[in-house]
Amino acid sequence: MTKKFVRVKDWFPPGHVRTPYFLRGKIGMIERQLGAFENPEQRAYRQKADKLQLLRVRFTMAEIWGKNAEIPTDTLDAEIYEHWLEPIDAT
Amino acid sequence: MPHDDNDHFSPSGHPYQPDQDHPLTKWQAMEIAMRELMVEKGILTRKEITETVEAMDSRSPADGAKVVARAWSDSDYKARLLADGSAAINEMGFHADAMRLVVLENTPTEHNVVVCTLCSCYPRNLLGLPPDWYKQRAYRSRVVKNPRAVLSEFGLILPAKTRVRVHDSTADMRYLVLPTRPKGTDGMNETALATLVNRDSMIGVAQASDPK
């Protein structure tokens with residue numbers, strides 16, 4: 001499988017959101033696809049929840065923290081729902 | 001006399017813990033009200049509530065340790081556990097409930113550590129209730145930025161060439177770290193191996209214990 005890179009949207013919507021603040025706008029690699037899960041942004045308010053693809057995205061510490069990274073090549077993985085991700089061209 | 005103020009210190013010299021004389025918070029009152037209503041309406045009995053609390057309290061890292069010991073002893077099981085954690089723990093009679101279990105294998109070149117930055121997601125079905133530090137802001141905010149500094153405070157100092165992978169439980173997965181099998185454990189059976197698997201090694205802030 002080729003490495004697929006994505007960017008977390010730089011959104012700051014109100015309400016119950018499970019995309020960590022510190023990852024917004026950051027670029028990562030899809031580590032694995034997890035299947036479809038109910039959107040917690042709707043479920044939190046007892047709304048009928050859409051099933052969305054959930055992906056594990058791997059970020060380097062350099063990408064998240066820049067020059068303040070402890071070791072730039074260490075990584076952080078997080079689960080992000082598809083509507084928070086936008087594809088980017090691998091450069 | 002170590003202390004002169006007898007009102008605030010016990011005879012051993014330690015301060016008395018204050019009594020909890022403050023009124024209930026809104027959510028404490030709401031919890032009691034909901035519980036009483038459900039009992040009154042016959043939805044739950046008090047016995048069922050007590051039994052559920054006891055069942056939650058009785059879960060412990062011993063179950064996770066059995067899973068790790070089996071993976072150390074049986075390479076086919078380890079492969080199944082890494083491919084589909086939920087299915088593999090079902091084989092042993094454990095259940096991941098609504099959540100999906102992902103197992104992360106430590107190797108000499110890769111070390112995994114788990115956090116929930118948003119709250120306190122934790123594989124309770126395998127490890128019981130999370131330790132207090134796991135829920136505190138200090139751990140949650142620091143381990144994603146300075147994982148090596150945090151691990152060193154737990155006494156775990158990793159070589160720079162070991163890749164540290166932090167895993168943030170942000171959604172529907174729960175994570176169990178499969179620690180590396182300690183040296184000198186070659187003839188040990190699963191029961192003996194499980195005694196080496198401590199809770200912190202399955203969160204990723206420690207290694208499994210060395211055999212005595």
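This briefing covers a sheet and two pockets. The structure is a predicted model. Seven strands make up an open sheet with strands from chain A and chain B, and the largest pocket has a volume of about 300 Å³.

**The sheet**

- Strands of a sheet pair through backbone hydrogen bonds, and the pairing is either parallel or antiparallel.
- The strand order is 5(A)-1(A)-2(A)-3(A)-4(A)-3(B)-2(B), and the pairing is mixed.
- Strand 5 (85-87) of chain A and strand 2 (110-115) of chain B stand at the edges with a single partner strand each, so one side of each has no neighbour in the sheet.
- From one strand to the next, the twist averages 35°.
- Within chain A, strand 3 (residues 51-60) and strand 4 (residues 75-81) run antiparallel and are joined by seven bridges.
- A:Arg56 stands opposite A:Glu79, which belongs to strand 4 of chain A.

**The largest pocket**

- Its lining consists of 15 residues.
- B:Pro108, B:Thr180, B:Arg181, B:Lys183 and B:Gln207 are the lining residues that lie nearest the centre of this pocket.
- Sorted by class, the lining has six polar, five nonpolar and four charged residues.

**The second largest pocket**

- The second largest pocket holds about 210 Å³ of space.
- Its lining includes B:Ala96, B:Asp97, B:Ala98, B:Met99 and B:Leu101.
- B:Cys119, B:Ser120, B:Cys121, B:Tyr122, B:Arg124, B:Asn125 and B:Arg174 also line the second largest pocket.
- By class, this lining has seven nonpolar, three charged and two polar residues.

Terms used:
Residues are numbered from 1 along each chain as its sequence is written. Chains are lettered from A and ligands numbered from 1 in the order in which they are written. This is a predicted model: local features need pLDDT of at least 70, side-chain atom pairs count only at pLDDT 80 or more; totals for chains, interfaces and linings use all residues. Side-chain values use heavy atoms; hydrogens and water are left out. On a 1 Å grid over the protein atoms alone, a cavity is a set of points where a 1.4 Å probe fits but cannot get out, and a pocket is an open set with protein on both sides within 12 Å along at least five of seven lines; lining residues have an atom within 4 Å of a point. Grid points are joined across faces, edges and corners, and a volume is the space filled by probe spheres set on the points. Ala, Val, Leu, Ile, Met, Phe, Trp, Tyr, Cys and Pro count as nonpolar, Asp, Glu, Lys and Arg as charged, and the others, Gly among them, as polar. Two strands pair if DSSP finds at least two bridges between them. Helices (H or I, at least four residues) and strands (E, at least two) are DSSP runs, numbered from the N terminus. Axes are lines fitted to C-alpha atoms, for helices over the stretch in contact, and angles run from 0 to 180 degrees between N-to-C directions.
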